[in-house]
Amino acid sequence: MSPRSQEQQMVPDAGFRSYYGRPVLKEPAWKSPDVPAYLFFGGLAGASSALAVGAHRSGYSELARVARITAGGAISVSAAALINDLGRPARFLNMLRVFKVTSPMSMGSWLLAAYGPLAGASAVSAVTGKLPRAGRAAAAAAGAMGPAVATYTAALVCSTAVPAWHDAHREMPYKFAGSAAAAAAGIGLLALPPDRAVPAARLAIAGAVAEQTAERLLERRLGAVAEPYRSGKPGELMLAARVLSLTGVAATAAARGRNRVLSAVAGATLVAGSAVSRAGIYEAGRASARDPKYTIAPQHTRAAARAWPPRAGDTPADDDGW
Amino acid sequence: MTDRMGFFTDTSLCIGCKACEVACKTWNEVPEDGIELSGMSYDNTVGLGASTWRHVAFIEQPAPSARVQIPAVTPARAAAPAQAPAQAAAPAQAAADSMRWLMSSDVCKHCTEAACLDVCPTGALMRTEFGTVVVQDDICNGCGYCVAACPFGVIERRETDGGAYKCTLCYDRLGDGLTPACAKACPTESIQFGPLDELRERARGRVTELQQAGETKARLYLDDPEDGIGGGGAFFLLLDEPEVYGLPPDPVVTTRDLPRMWKHVALAAIGLAGAVLAATRRSRP
Amino acid sequence: MAECHPVGFQWVMEAKKRGARVIHVDPRFTRTSAVADLFVPLRAGSDIVFLGALVNHVLTEEKFFRDYVVSYTNAATILTEDYAGPEDLDGVFSGLDREQRLYDFASWRYQGGMVRSASGDRRPPPEAGSGQPGDPELDQAADADERARAHPGVRAAARGEAHGSGGAAAEPFPDTDPTLQHPRCVFQVLKRHFARYTPDLVQEVCGIPPDQFAEVARLITENSGRERTTAFVYSVGWTQHTVGVQYIRTASILQTLLGNIGRPGGGILALRGHASIQGSTDIPTLFDLLPGYLPMPHVVGNEDLDTFVQAESVAGGFWANTRDYMVSLLKAWWGDAATPENDFCYGYLPRITGNHGTYETLRVMEEGTCRGYFLFGQNPAVGSANGRMQRLAMANLDWLVVRDFVMIESATFWKDGQEIETGELATKDIGTEVFFLPAAAHTEKSGSFTNTQRLLQWHRQAVEPAGDARSDLWFTYHLGRRIRAKLAAAPDGAGASGELDAPIRDLTWDYPVIGEYGDPDADAVLAEINGWDGDGKPLSSYTQLAGDGSTACGCWIYCGSRAGGVNQTDRRTPGKDQDWTAPEWGWAWPANRRVLYNRASADPDGQPWSERKALVWWNAHDQTWTGYDTPDFIAGRPPSYRPPEGATGTDAISGTDPFIMQADGKAWLFAPAGLVDGPLPVHYEPQESPFPNLLYGQQQNPVREIIRHQRNRYQPSGNEPGAEVFPYVATTYRLTEHHTAGGMSRFLPYLAELQPAFFCEVSPALAAERQLTHLGWATIVTARSAIEARVLVTDRIRPLRVQGRTLHQVGLPYHWGRNGLTTGDPANELAHLSLDPNVHIQEVKALACDVRPGRRPRGPALRELVRGYRERAGITDGTGTEV
Ligand SMILES: Nc1nc2c(c(=O)[nH]1)N[C@H]1C(S)=C(S)[C@@H](COP(=O)(O)OP(=O)(O)OC[C@H]3O[C@@H](n4cnc5c(=O)[nH]c(N)nc54)[C@H](O)[C@@H]3O)O[C@H]1N2
Ligand SMILES: Nc1nc2c(c(=O)[nH]1)N[C@H]1C(S)=C(S)[C@@H](COP(=O)(O)OP(=O)(O)OC[C@H]3O[C@@H](n4cnc5c(=O)[nH]c(N)nc54)[C@H](O)[C@@H]3O)O[C@H]1N2
Ligand code: SF4
Ligand code: SF4
Ligand code: SF4
Ligand code: SF4
Ligand code: SF4
Ligand SMILES: [Mo]
């Protein structure tokens, strides 16, 4: 019996093993779209910087240029989103008061503090063409940091009490990496004719496949706690994201490095897929925090399994009522 | 650092008077938290949050089959009536069709391994000389990370000013050698304040007494330094499973997994770099 | 108790830790039940059957404390042949005058003693104190009954006042039979009287199953005797009934039989209400009392000091010294102006000419006789029964002064009261001029609180009052000062007006003022109450008081509270630094005695009944009484002492008579005088009940106080046609989170958020029967009005099997009104005015009502709904008023 419906009838008894069906945890106070945006653009920026270096190395200079500009733009948006989400934006610099390895947000802040200006500089130089050598140096440095920028946010969301995030901490970084790669590549495909973005096509497919694989593994391992990724609003978002990125993969393949339109479609869907999946992950986390069963049931099972023989009167481990 | 100070909340002594809630708000000038009937028995503050640092839960449930006798905690004073009457036999039939009403005063656990403190990027959350966990309001930038990290849903961001708030274990009062307001106001000593070691000692004695008296479900919660949060600076004696009171059955501080997380983040980053290199291996024809 | 006296309840929890068992008897499962070892739900209004059955059990199973009963109670005393009880008269006692709705007590006397009925108010506050053991008592002259008969008006006014529980005259000594065998001895009468009260009857009337009753009987009897004592704790759940005082009487009989009075861990503890409500009877705010339970003079029979003293003092016991107490009081009030020549200004005292009680005053307000009204910390628009009647009466005043913290309903009814909404009143038609004067709170003034243990505790001012707020002491003193100034200025008070003014002009009215606002020094007031001798030296004990005008004392029982010029009530020695009776914490009247009648804690020979329960004892070596507590006995009087024939005053008290305020020194199982509704308790149904009285033909208390008024219609009861229209029993009560009429809680955010809405508590079964939904709305209806409440459906309210059918009870906290942060209908809209005849307390604990889903109609439609109900129930002005 759901505690809610019971609550309508009378002061509920504790039959359902929770306190009036109220959440044990506080939902993340983060705003949407700020935080999903922060995650998405951070990933996009990081992967773009990396792509820029590779593209430059292999002589795809337009691709490199696009990637550098993308990185610069994306990281600015990402930072803006983060600051805007603070309860007290004026105090965002307090982030740099301390350096805490136990706080992914602290590490991230330092990382961004170092990466942001470099990515920005490289973008500016790419746009204006001024100081080409310095610009390239900045791009190289940003490129080196890019992968970390694209993946640390996985630790940031996973290092919480939110069941659907925390329990997914093994797969989340790979999912984020793949998602970031697909997005960065997607921009390349959108911006350039296929023949000038060949590496982007390859990266796109690799990224999207990696993301989807990580997601499958995550859902398999989490079992019931993965429910929010499949059901409700977050479920729909995750589904949409999947359709989009798989469409992207298909379109990329179909474009075969020639068809400009297909290739552009691929780019767009990949970018969209990445963005939507961040939103999906964010919503799934909130849903898992809102419903006490995702907090209580696994813990109850764990505790009961540890306490053997079970304490008199406790509900047996296998009867989690859900 | 002085002795680590904390709370032992013995819910078997709680009479649900809410003096603790009111004393806390009065002393700490915590704003009113909404005047709305919840229908959750006599609980209308509903849970801990930015503007409720002590919260009394009320649970109406069927009584366990055998009525039990709450035994003596303290040996009787000389001058006062001594041992209980010979026939301590508990009125059994009273149990039939009867119910019980559990009451429990919840508070920030002041975890030994405090997730909120670990993840706070500004250092606003700090560990005091009393071993308690306190937010420095002048430093908090409202990033909300602590909110998502707390395994008990204690700390919360206050919409009015964006800052994160929770029980300070009356840091100011402790500084002046005073008992925290809530404990001071508690008429039945359900909230006991003191050095953590002493409290744990006392609590173990109390729970054995209750169990011997037939309170089969009596158990200590967060008293164990070996548990997922390294033990609570505030721990509890419960008469039913933790989840019944809205408490997580087996909380684990999230940052225990952080090293593994960083490892996977690193591998993923390397993977990303590798993928980019692979994708750009072949130079442009 | 956990709900309403949480701080005091810490000691119950402490006792529990030491092995005490807690039994809670209440229609509802409350916070007290939650920590009790045994919860006994019963039908509201049926306790006399429950307690009576316990008395019967103790008598028939021979569980009583024989030695105690034989020596210390009037069990052996023999009654006259004139006495007839409910068994003989189908539920009433001999002496019932159906015209006057009064009893003549002549036939309730002891044999062999011409018993005089007593005077002086033994009345507790309109509070929980009814029948609190040890309220001082005094006796009165033989002409009391004659006088009263000659003046029924006065007698009606006097009621409990002129016939308080005075001790039977100490001489000539009544006939007794120590073997308790005489058919007319109190013990045998008691046995016959309670024989009907069986466990089966308990089940039928109270809805308590026999096995649960047996459990209670076992626990109580096993825990009483030489080695152990049982305490009863009650409050207004027992008093707010038309038979409230008799509830307490039944408990007193039980406790006396079990030997639980005057002993540590025993007694019947009346938990009080407002802080210092005990103080408000010691130094009364009641119309019929003077300080220290001296009766307010009657217009008849108390013409001058001598007739007063002659009428009100007693041959035996401490009330023999009435003159000393009275004269000292007059000296305190009128000082040098009070001389032997002018009868110590006795003539200045007002006289009782009728019943001037609160509810009676409503009538004279409507008549226009009472034009002005002071409300000092009272909110009758919400807190008093039949709120509509209260408000409509106040709307008839010329002026009303409200001294309070906040804008309570009693101060704003003229602009936003319910009658404005229903159209019964229009603001423009209300002539009442309302003055609101902000009051200072207890933190803003010094003074004393007297609690239920008669313990005076001093509290010190923490801050000066904010804004215009002033203490009540400030207001009273400066009002008096200004009036006196005007009178002084007036053309010399010769002639009639002069004589009229004399009582005020001659008052001693010169207290030192302190602080920013010239507050009178409360300590100086206490000094006057404590009293001084001719040289102005503080007195230390009431035994020093004299009737010749050489001593002044504002309240004889408080004499000693400032002994040695030291404020004894301000003592705060921690418990750990003194023995368990804590004599150095505050000061208890009389003589800092913590347990009244404590001589009963020792056996007739003066030795403790048991070591465990030792409190005071006779020290043969020093020939004196001693112990942990101040002995409540004449210090040097040996157990062997027997009063010589014709002894008077304290000399008349035998060495084995612990109950020294009773003229016969005995605890009364049978009360030959003092209660206006019978010498023994009888179960009567409440004024309004869905059930007939199973015991007797007599349905209700025959002498209950009835107020016939169009706004106070009563409902049919039991088998009368129309009773079925009100099938449920409602009871009203308090929540920990709020205080009484709400002025101190509804306006405070930290309290309002804890109980944010007026609700009714119902069982799932009743919810189903009346389609009520949890958190939805219900409308509760009586013949007076209808109110709406949010619904809490809970197992804490349990349907009962009563007289073979299911009874549903409805719980209604009474704290809500129209003002404040949380608002709601006041439960008192539903209540009627049918009062306990001894203490004039309203019956708000057991009301018959109907419950319907949804909200109540607004405006005139509300009155329509109620009128409809009255018609369906066939209610007339006579309904429910039968004797
Ligand atoms: N928090 C708080 N404390 C208070 C007050 C307050 O308003 N709020 N008010 C103060 C005052 S003025 C007073 S007088 C005291 C009153 O203190 P209490 O008397 O404890 O207060 P109530 O809740 O009115 O009544 C007590 C119980 O009587 C039960 N009851 C009703 N009818 C019957 C009956 O027929 N038989 C029995 N056995 N029980 C019955 C009710 O269900 C209720 O639980 O509290 C004082 N303390
Ligand atoms: N239905 C129902 N009705 C009841 C009862 C019940 O149980 N059921 N209980 C009855 C009982 S026991 C009582 S005591 C009455 C209480 O009924 P009331 O006395 O009418 O109600 P209170 O709210 O206690 O009123 C006290 C007022 O005094 C104010 N006040 C507090 N301190 C001071 C002060 O120092 N000076 C001044 N001037 N004002 C002050 C407060 O703000 C408050 O408004 O209700 C009675 N009515
Ligand atoms: S309970 Fe939550 S808020 Fe309190 S210390 Fe632990 S983690 Fe922090
Ligand atoms: S909200 Fe404030 S206290 Fe919480 S983590 Fe962020 S900075 Fe620290
Ligand atoms: S310790 Fe202080 S801050 Fe914490 S709950 Fe108690 S009163 Fe409130
Ligand atoms: S003050 Fe004590 S008894 Fe009252 S609710 Fe809080 S913990 Fe329980
Ligand atoms: S309100 Fe005052 S009197 Fe009542 S229980 Fe609390 S402390 Fe005692
Ligand atoms: Mo009261």
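This is a guided tour of a predicted model, moving from chain B to its two interfaces and then to selected salt bridges.

**Stop 1: chain B alone**

Select chain B and colour by secondary structure. Seven helices and ten strands make up the secondary structure of chain B. Now colour by accessibility. Of the 285 residues in chain B, 65% are buried. Next, draw the contacts in chain B between residues at least 6 apart in sequence. Of these, 68% join residues at least 24 apart.

**Stop 2: ligand 3**

Select ligand 3 and show its shell. Four cysteines sit around ligand 3: Cys108(B), Cys111(B), Cys116(B) and Cys150(B). The shell also includes Lys109(B), His110(B) and Lys166(B). Ala115(B), Pro151(B), Phe152(B) and Val154(B) surround ligand 3 as well. Colour by class: eight residues of this shell are nonpolar, one is polar and two are charged.

**Stop 3: ligand 4**

Move to ligand 4, also with a chain B shell. Here the cysteines are Cys120(B), Cys140(B), Cys143(B) and Cys146(B). Add Pro121(B), Thr122(B), Leu125(B) and Ala164(B) to the selection. Then add Asn141(B), Gly142(B) and Gly144(B), which are also around ligand 4. How many charged residues does the shell around ligand 4 have? None: the shell has seven nonpolar and four polar residues.

**Stop 4: chain B against chain A**

Show chains A and B together. Select the residues in contact: 87 from chain B and 80 from chain A. About 6600 Å² is buried between the two chains, with carbon and sulfur atoms giving 57% of that area. On the chain B side, pick out Tyr145(B), Leu272(B) and Arg284(B). These three lose the most area to chain A, together 11% of what that side buries.

Now switch to polar atoms. Seven salt bridges link chain B and chain A. For one of them, zoom in on Asp250(B) and Arg302(A), where the closest N and O atoms are 2.7 Å apart. There are also 45 residue pairs in polar contact across this interface, counting pairs with both residues at pLDDT 80 or more.

Which elements of chain B supply at least two residues each to this side? They are β2, α2 (115–119), α3 (145–149), β6 (156–157) and α7 (258–279). Highlight α7(B), which gives the most to the side touching chain A, with 15 residues. By class, this side of chain B has 47 nonpolar, 21 polar and 19 charged residues.

**Stop 5: chain B against chain C**

Hide chain A and show chain C. Here 59 residues of chain B are in contact with 57 residues of chain C. The two chains bury about 4800 Å² between them, 57% of it on carbon and sulfur atoms.

Four salt bridges cross between chain B and chain C. Select Glu189(B) and Lys17(C) for one such bridge, with the closest N and O atoms 3.2 Å apart. The polar contacts come to 14 residue pairs, both residues at pLDDT 80 or more. On chain B, α1 (19–28), β2 (54–62) and β3 (99–107) each supply at least two residues of the side that touches chain C. That side has 30 nonpolar, 16 polar and 13 charged residues.

**Stop 6: salt bridges within chains**

Show every chain again. The whole structure holds 73 salt bridges over all chains.

Begin with Glu215(A) and Lys175(A), whose side chains meet at 2.8 Å, N to O. Glu215(A) lies in helix α8 (residues 198–222) and Lys175(A) in helix α7 (residues 172–191) of chain A, so the pair ties together parts that are 40 residues apart in sequence. Are these residues buried or exposed? Glu215(A) is buried, at 3% relative accessible area. Lys175(A) is buried too, at 1%. Widen the selection to Glu211(A), Arg216(A), Glu219(A), Arg230(A) and Arg242(A), which are linked with Lys175(A) and Glu215(A) in a network of salt bridges.

Go to chain C and select Arg746(C) and Glu409(C). Their side chains form a salt bridge at 2.6 Å, N to O. Arg746(C) lies in the loop between β20 (728–733) and α24 (749–752), and Glu409(C) in helix α19 (residues 409–416), so the pair ties together parts that are 337 residues apart in sequence. Both Arg746(C) and Glu409(C) are buried.

Finish at Lys576(C) and Asp577(C), which meet in a salt bridge at 3.6 Å, N to O. Lys576(C) is exposed, with a relative accessible area of 72%. Asp577(C) is partly exposed, at 48%.

Definitions and conventions. Residues are numbered from 1 along each chain as its sequence is written. Chains are lettered from A and ligands numbered from 1 in the order in which they are written. This is a predicted model: local features need pLDDT of at least 70, side-chain atom pairs count only at pLDDT 80 or more; totals for chains, interfaces and linings use all residues. Side-chain values use heavy atoms; hydrogens and water are left out. A residue is near a molecule or strand if one of its heavy atoms lies within 4 Å of it. Ala, Val, Leu, Ile, Met, Phe, Trp, Tyr, Cys and Pro count as nonpolar, Asp, Glu, Lys and Arg as charged, and the others, Gly among them, as polar. Contact means heavy atoms within 4.5 Å. Buried area is the accessible area (1.4 Å probe) that two parts lose on being put together, summed over both. A polar contact is a pair of N or O atoms within 3.5 Å; within protein, one must be able to donate a hydrogen and the other to accept it, and residues adjacent in sequence count only if both atoms are side-chain atoms. Helices (H or I, at least four residues) and strands (E, at least two) are DSSP runs, numbered from the N terminus. Buried means under 20% relative accessible area, exposed over 50%, partly exposed in between (1.4 Å probe, protein chains only).
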